[in-house]
Amino acid sequence: MNKKALKDKADRDDYETLKSANSDLENKKALKDKADRDDDETLKSANSDYATKKALKDKADRDDDETLKSANSDYATKKALKDKADSDDYETLKAANSDYATKKALKDKADRDDYDTLKAANSDYATKKALKDKADRDDYDTLKAANSDYATKKALKDKADSDDYETLKAANSDYATKKALKDKADRDDYDTLKAANSDYATKKALKDKADRDDYDTLKAANSDYATKKALKDKADRDDYETLKAANSDLEQKKRNKDNPPRGMSKQQAENEYNAAVQVAKTKINKDCEDAKNVAKTKINKDCEDAKNVAKTKINKDCEDAKNVAKTKINKDCEDAKNVAKTKINKDCEDAKNVAKTKIDKDCDTAKNAAKQKINNDYEAAKNVAKDKINKDCDTAKNAAKQKINNDYEAAKNVAKDKINKDCTAAENAAKEAADKAAKAAADKVAAETAAKTAKEAAEKEKAAKEAAAKAEKERVEKEAADKAAKEAAAKAEKERVEKEAADKAAKETAAKAEKERVEKEAADKAAKEAAAKAEQEKSDKEKAEKEAADKAAKEAADKAEKARVEREAADKAAKEAADKAEKARVEREAADKAVKEAAAKAEQERVEREAVEKAVKEAAAKAEQERVEREAAAKAEKEKADKEAAAKAEKEKADKEAAAKAEKERVEREAVEKAVKEAAEKETAAKAEKLAKEAAEKEAVTKDSTSTRPLPIISFNVSDIGKKFQFNFDGSVATQNVSGLTSTAWLTLKSFTGDAANFDVALDNTSTNGINSRTSGLGFNVYSDLKSTNKLDLASGKTNVSGLYSNTVFDGSFPNQFGDIDVCFTQGNTCQGGQNGGVKTNDGIENFSFSLAFNKTVDSFALGNFGVRYQSIEGTNLGTSGTGRGTYYVAKEPAPKKVPEPGTSAGLGLFVVGALRLLKRKPRV
């Protein structure tokens, strides 16, 4: 190639031409290329100040506080405000947005469930809160509106509380059977009692025999009866010895009868003897009757005990069936109530949350406005600092690039100057050679040169082919490396460690390829330099030869350049594959992190859910334990009450036996006195006979009575007008006595006209020992007289009440196994509940008046079976409602001194006088 062609290429800034003219150009071009790519090391070497400026820029890009502060002093103040705002500092946010203080105050009130604040934020909250308050007070209409099923369940509960047969039967079919057995037992049905207690049949058979005065039965019950019966039989046969043993005075009377003393007529003596015989027979008959009665009493008691055992069992079975039914009905009612309360509470909470959400949103909006303003100020200060630092860094970078470009341009100009100089010299040499060279020499030289050139061209072509083959081999190897890198990337999708190893292998392969490319470029450079030198030497000889050599060299260089481009493309593909693999790894790590975070969140939710479930289970276990403890307490209380009842029954039995013994002794004493009186005075005997007859009639009435109504305890007539009568009431819950649950009522009879009686009542709830309650009703039975259980019917239209209570209920019942009651006064529609009315503990005495209107005119009437209804009970875990039974309280007075009756005194006097006369008389010989 001639010098002119090189000059033309140099004028076109052909890099290879300029590089061949100045070897330093390649280094300068490499530095320029790195500088154009903003290579830090290249820029630092060109301008030492760039390193400092770049370090500051890197710190600023990482938001380094100290670097940004040094660049902009205002940044420190803005950053401090931002930090406070990020920690929700109240004063900082308030200073940035004055509206935040108002919104924050409302939020604090809402967090404390302030009623007015929540109401102002959501007007519906007031309505929902009012319903919730009513529901918390068990308001019937509210609960019914929330759950229509509650009305049905509550009605069933009220019927069950009043022991409604059909309701209890529907709840527990077994109750009908048990109730039927109880009714039969209450009628003393023999087969029913026998089925409940087999011992009853034996005891009843003995009682029937005893009622028929069966001798063997009575003898077996009282061995003394046989002796007394034998004496009676002898006395009935007028056996003298038997009669004399019963009356020691008989022997003297017999002597007087057989031989009347002076002054005594035979008739008188015979009368006295007959009287003495009668006294003896009376004593013997009485002893026999007493023995018989002792036997009958024992047999009757055994029979009654067996009957009571049977009745107790039947009553218990009936009560158990009733309680099962009531428990089921009460549970259904409570479930319906809880459904209603849950719905109401949820509505209230939803309304509250709507209000809180609105308030929180307003507060957050104000807070975010304040934070946004502070962040904007902060970002502005940060950007001022970064702009200054970036500007300084860019200035230093541009200075370095300018220096490198200047060096490159200077090297380029050196090459151009050399080529221009060589071109001028070559032109001059060519002109001189053209004049001097001979055609033959030229031909010879041309032939030789052509042969040599052909040989060299062949050798260069072979070298070029080998270089191309080697480049192709390297390309194939690079493709294999790319394929390995892709496979490694795919495998890295499954395992990060394997992918990192593949990435490392890919990078090492790329580094090796880059190294080989640099070595190849160095070899190509050497080859090009040699070719250029040969061209320059040969160009003097022949332009044609040079052009051929240049062509061959250019083709080889083009192929080498093509190989280099392909390697760079392969390198780029490998780098892109590595970048893609790295991106996939980062995405996979992000996905793994998201999965881990989701798993951690799920684990946290599971732990929280398990904690909630554990809390629910613990609450349920605690409730179950409390229920077991309540049942155990109730059982213990019941056992205690049973023991007390048993002890009381035993004491009553002992008292009865002692009373019976005392009564027996008294009867015997009275019998002696009676005999003396009968002997002395017929009037006394007649009176004794009358009393005995009345006692027998009373006993017969009592024996024949089958009423289940409790006996009356007090009677009233016109003489009681203006008098005050006190009744004390105890208390029980769930049939268990509760100490401290008490009430007292004072009844004053204001008027009595025969067909109506008017009373004033002062009622006080006197509960103590930590018990609080409400006496919500008072009732009693009305009787025709004190000696019977007959009901005295009331006129419903005229019997009424006013004052503390306003409703009169007839033929109702109190719960808690109290039973039926003729009339009760309350605020409710039944005797079961008082609709929040009545007198509470610590209320003091409350007053009311009632009128009893009779269906017929009476001279007197009696009351009994007094009871009260308790509700709202606190201080016991047995329940919140119960009942109490009333007793008539009579103040004790000193017992009056006993004075014998006139008739008794006279009889005793005659007996003493007669006895003294007998002692003074001398016995006849």
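These are my notebook entries on a predicted model, ordered from whole-protein totals to single residues.

**Entry 1. Totals**

I began with the secondary structure, and the protein comes to 27 helices and 14 strands. I then looked up burial: of the 925 residues in the protein, 32% are buried. For the accessible surface I noted about 55800 Å². Carbon and sulfur atoms hold 51% of that surface. I also checked the contacts with a separation of 6 or more, and 71% of them are between residues 24 or more positions apart.

**Entry 2. Cysteines**

How many disulfides does the structure hold? I found 1 disulfide. The bond joins Cys824 to Cys831, with an S to S distance of 2.1 Å. I looked up the handedness next: the torsion about the S-S bond of Cys824 and Cys831 is about -100°, so I recorded the disulfide as left-handed.

I checked the accessibility of both partners. Cys824 has 1% relative accessibility and therefore counts as buried. Cys831 is at 4% and also counts as buried. Two other cysteines went into the same entry. Cys288 is buried at 2% relative accessibility, and Cys363 is buried with a relative accessible area of 2%.

**Entry 3. A salt bridge between distant parts of the chain**

I searched the whole structure for salt bridges and found 102. The background is simple: side chains of opposite charge can pair when their charged atoms come close.

The pair I opened first was Asp13 with Lys416, whose side chains meet in a salt bridge at 2.7 Å, N to O. This pair links distant parts of the chain, 403 residues apart. Asp13 sits in the loop between α1 (3–11) and α2 (15–21), and Lys416 sits in helix α22 (residues 266–436).

Is Lys416 buried or exposed? I read 19% relative accessibility for Lys416; the cut-off for buried is under 20%, so Lys416 counts as buried. Asp13 is at 38% relative accessibility and counts as partly exposed.

**Entry 4. Salt bridges within helices**

I then looked at pairs inside a helix. Lys232 forms a salt bridge with Asp236, and their closest N and O atoms are 3.0 Å apart. Both residues lie in helix α19 (residues 224–236). They are 4 residues apart, about one turn of the helix. For Asp236 I noted a relative accessible area of 42%, which means partly exposed.

In α22 I found Lys418 paired with Asp422 in a salt bridge, the closest N and O atoms being 3.2 Å apart. Why are Lys418 and Asp422 separated by about one helical turn? The reason I wrote down is that they are 4 residues apart in helix α22. Lys418 is partly exposed, with a relative accessible area of 38%. Asp422 is also partly exposed, with a relative accessible area of 22%.

**Entry 5. A network**

I looked for linked salt bridges as well. One network of salt bridges links Arg517, Glu521, Glu561, Arg564 and Glu568.

**Entry 6. Helix α17**

I checked the length of helix α17 (residues 199–211) against its residue count. At 1.5 Å a residue, its 13 residues should span 18 Å. The expected span takes 1.5 Å times one less than the number of residues. The end C-alpha atoms are 19 Å apart, so I marked the two values as agreeing.

Which residues in α17 are buried? I listed Tyr200, Ala201, Lys203, Lys207 and Ala210. Two of the names in that list are lysines, Lys203 and Lys207. I also looked at the backbone just after α17, where Asp213 takes a positive phi of about 60°.

**Entry 7. Thr117**

I located Thr117 in helix α10 (residues 115–121). Thr117 has a relative accessible area of 7%, so I entered the residue as buried. Leaving aside neighbours within four places in sequence, I found Thr117 in contact with Leu106, Lys109, Ala110 and Ile359.

**Entry 8. A nonpolar patch**

The last lookup was on the surface. I found a nonpolar surface patch of about 250 Å², made by Ile713, Tyr888 and Val890. Ile713 belongs to strand β1 (residues 712–716). Its relative accessibility is 36%, so Ile713 counts as partly exposed. Residues of a patch need over 30% relative accessible area, and I noted that Ile713 has 36%.

Definitions and conventions: Residues are numbered from 1 along each chain as its sequence is written. This is a predicted model: local features need pLDDT of at least 70, side-chain atom pairs count only at pLDDT 80 or more; totals for chains, interfaces and linings use all residues. Side-chain values use heavy atoms; hydrogens and water are left out. Patches are made of residues with over 30% relative accessible area and no salt bridge: like charges are joined within 9 Å, nonpolar side chains (Val, Leu, Ile, Met, Phe, Trp, Tyr) within 5 Å. Accessible areas come from the Shrake-Rupley method with a 1.4 Å probe; for residues, only the protein chains shown count as cover. A salt bridge is a side-chain nitrogen of Lys or Arg within 4 Å of a carboxyl oxygen of Asp or Glu. Buried means under 20% relative accessible area, exposed over 50%, partly exposed in between (1.4 Å probe, protein chains only). Contact means heavy atoms within 4.5 Å. A disulfide is a pair of cysteine sulfur atoms within 2.5 Å.
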